[in-house]
Amino acid sequence: MNSPKDILRQYWGYGEFRPLQEDIIQSVLDGHDTLALLPTGGGKSICFQVPAMCMDGICIVVSPLIALMHDQVQRLREKNIPAIAITSTMSKRETDIAFDNCVYGKIKFLYLSPERLQSELARVRISKMNVSFIAVDEAHCISQWGYDFRPPYTQIAEIRELHPKVPVLALTATATKQVADDICSKLEFKNEKRFTQSFARHNIAYVVRKTEDKNSQLFRLAERVQAPGIVYVRNRRKTQEIALLLQSSGIPATFYHAGLTAQDRRKRQEEWLSNRCRVMVATNAFGMGIDKPDVRFVVHMDLPDSPEAYFQEAGRAGRDGAESGAILFWNEADINQLEVNLRQSFPELKDIRRCWQAVSNYFQIPVGSGEGVTRIFDLKKISTTYNLDPVLLFHSMKIIEREGYVALADAINQPSRVHVRVSNQELYNYEVKNQADETLLKAMLRMYGGLFESYVRISEADLARKSGKSPDVVAADLKRFDQLGLISYEPRTDQPLMTLLQPRPDAYSLYISPANLAERRKAAETRVEAMKNFVRDETQCRQITLLKFFGETEMKECGKCDVCKKKAGDAKKKEKLNLEEEILAVLRNEQKTVNELVAMFPLELNADVNTALRKLLDREVVGFDKLRKLRIL
Ligand code: ADP
């Protein structure tokens with residue numbers, strides 16, 4: 001057996017493990033059920049990918065994030081490690097073949113959407129696999145107390161029965177003590193080990209600022225910090241508005257939200273990743289799986305619903321360990337908005353039923369059938385067709401999802417796939433009889449390997465180029481070959497999806513447990529309270545406030561957040577820090593506009609600089625020239 005360190009070097013090219021990675025890996029290799037709490041960017045994937053490469057058999061990775069799964073599978077394949085993802089976006093045939101490959105092939109990693117565990121077929125196949133261990137990513141999803149509870153996660157314990165000796169490694173970046181305990185109990189941990197890395201991020205300065213003029217604050221910040229940043233806003237429209245505003249001030253910005261086409265999203269993401277565009281303005285749809293190390297600032301223009309969400313998003317700053325800022329702008333209207341959101345997140349039962357009826361009618365799935373069926377879930381279209389408030393429909397579906405009736409998947413981009421269903425000889429016979437199709441079929445076989453064994457990603461555009469047809473004609477031909485039974489063709493998708501996890505109940509037998517609902521409401525209220533406390537409490541170091549929420553007890557003041565800085569600043573003020581003198585010193589050197597001048601001082605002094613400047617202007621010590629630049633009179 002290769003040592004973990006050899007594997008790390010050989011496949012990843014890294015010389016050393018990060019703190020805790022090695023301990024976590026050893027614990028899995030020793031057969032312990034293991035809980036690993038590592039902050040975002042801490043390097044969780046290595047913790048399951050390395051031991052899996054040390055062990056015989058296949059590692060099953062349960063993850064709720066389809067886009068992330070495809071990403072990781074892709075990266076493993078680039079290292080020549082055989083990996084497969086089985087998600088709710090795949091047809092029954094594709095799922096079947098993928099499972100077969102895991103049983104009989106040499107696959108090292110099976111990434112599995114939790115809702116795919118539900119079927120008998122999955123259970124039978126998994127029982128036949130030689131499983132090394134089970135990794136549960138985003139393990140907080142198993143807990144009702146977690147901020148992202150997903151009922152299909154509770155099925156994971158059942159696959160343990162199929163492989164009682166196989167250890168489980170649960171990983172998460174967001175768990176309070178209560179959630180961590182719940183994860184261990186729901187996954188039926190025995191002989192367990194826990195590893196927790198403090199969630200303190202020593203290179204992030206948390207700054208919370210109450211302001212009625214967020215836009216100009218943002219502008220100043222983006223101008224002062226000439227480096228990549230992310231700006232989070234709550235709604236899609238605002239992403240574009242703010243990106244335009246920044247652009248008009250000469251700051252290269254782009255925007256991103258789930259309503260854009262997959263192609264557009266990819267393009268914008270790429271622009272930002274490659275630094276062609278410095279600032280990304282986005283909804284919370286952006287960031288998961290993004291691994292840009294040099295993000296120097298993350299700004300929140302609105303209040304997130306929970307400290308967990310805030311911590312995850314803010315944590316995208318400074319993954320490379322260099323000094324970075326997480327800046328949150330807020331005002332009283334935001335607090336109101338949080339409360340409105342909270343109310344809207346828990347619609348009344350009759351409204352939830354009305355929404356379910358509309359969705360059922362829209363998809364025309366008969367009562368009592370449809371288990372495992374996946375459909376494109378076009379929220380806008382359904383809400384317009386049935387005259388429903390889209391916000392109500394969204395939250396109703398979230399509650400229905402949390403009761404385990406459906407699984408909703410965000411828009412992800414999945415390329416087209418093809419699998420050849422007949423033998424090489426049969427395909428040849430077909431080509432001989434149908435000369436017109438020969439070019440395309442030959443081009444496909446030449447361009448892609450493994451088509452007879454499993455589904456392979458193809459590109460209609462590439463095939464078009466090779467066969468001299470248009471992409472539309474290629475797609476139509478592939479569809480025709482599919483109907484003839486020669487191949488299976490899964491055209492690409494880039495839409496949000498809904499999978500029915502149970503036979504479709506009628507609206508009146510849709511059971512929403514009042515106890516569950518009440519419990520979740522209470523948990524959501526606690527989170528909103530924690531957010532309010534986070535922004536309002538100006539006496540405690542921001543980092544400490546956050547860490548306390550996650551149950552940490554041993555903490556030092558960060559010395560960097562606005563509260564720590566203010567304390568230090570107050571001390572400095574006592575030393576009569578003379579801003580007026582500093583301003584005059586700057587202007588003696590060079591004339592500057594007000595914005596340029598203010599931008600030269602730390603953010604937390606902006607208000608003081610403005611006051612000092614006003615006093616100098618009032619006393620006519622300083623004035624403006626024709627170009628509106630400040631000069632000493
Ligand atoms: P997480 O899932 O915890 O957010 P990832 O697993 O995506 O984090 O890892 C974050 C980044 O850190 C990735 O680019 C990964 O390759 C890198 N990384 C992880 N472990 C190491 C290591 N031991 N040495 C160097 N880089 C590492």
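The expected span of a helix is 1.5 Å times one less than its number of residues. Helices (H or I, at least four residues) and strands (E, at least two) are DSSP runs, numbered from the N terminus. The model is predicted: local features need pLDDT of at least 70, side-chain atom pairs count only at pLDDT 80 or more, and totals for chains, interfaces and linings use all residues. Residues are numbered from 1 along each chain as its sequence is written, and side-chain values use heavy atoms, without hydrogens and water.

**Exercise 1.** Compare the expected and actual spans of helix 16 (residues 390-402), then describe its start, its burial and what follows it.

*Solution.*
1. Helix 16 has 13 residues and should therefore span 18 Å; its end C-alpha atoms lie 18 Å apart, in agreement.
2. At its start, a side-chain oxygen of D389 comes within 3.0 Å of the backbone nitrogen of V391.
3. Buried residues (under 20% relative accessible area, 1.4 Å probe, protein chains only) of helix 16 include L392, M397 and R402.
4. The buried residues pack against elements including helix 13 (332-345) and strand 15 (406-409), where contact means heavy atoms within 4.5 Å.
5. G404, with a positive phi near 85 degrees, follows helix 16.

**Exercise 2.** Determine the strand order of the open sheet of 3 strands and its edges.

*Solution.*
1. Two strands pair if DSSP finds at least two bridges between them.
2. The order is 17-16-18, with antiparallel pairing.
3. Strand 17 (456-457) and strand 18 (487-490) are the edges, each pairing on one side only.
4. Strand 16 (residues 417-420) pairs with strand 18 over 4 bridges; R417 has E490 as its bridge partner.

Conventions:
Buried means under 20% relative accessible area, exposed over 50%, partly exposed in between (1.4 Å probe, protein chains only). A polar contact is a pair of N or O atoms within 3.5 Å; within protein, one must be able to donate a hydrogen and the other to accept it, and residues adjacent in sequence count only if both atoms are side-chain atoms.
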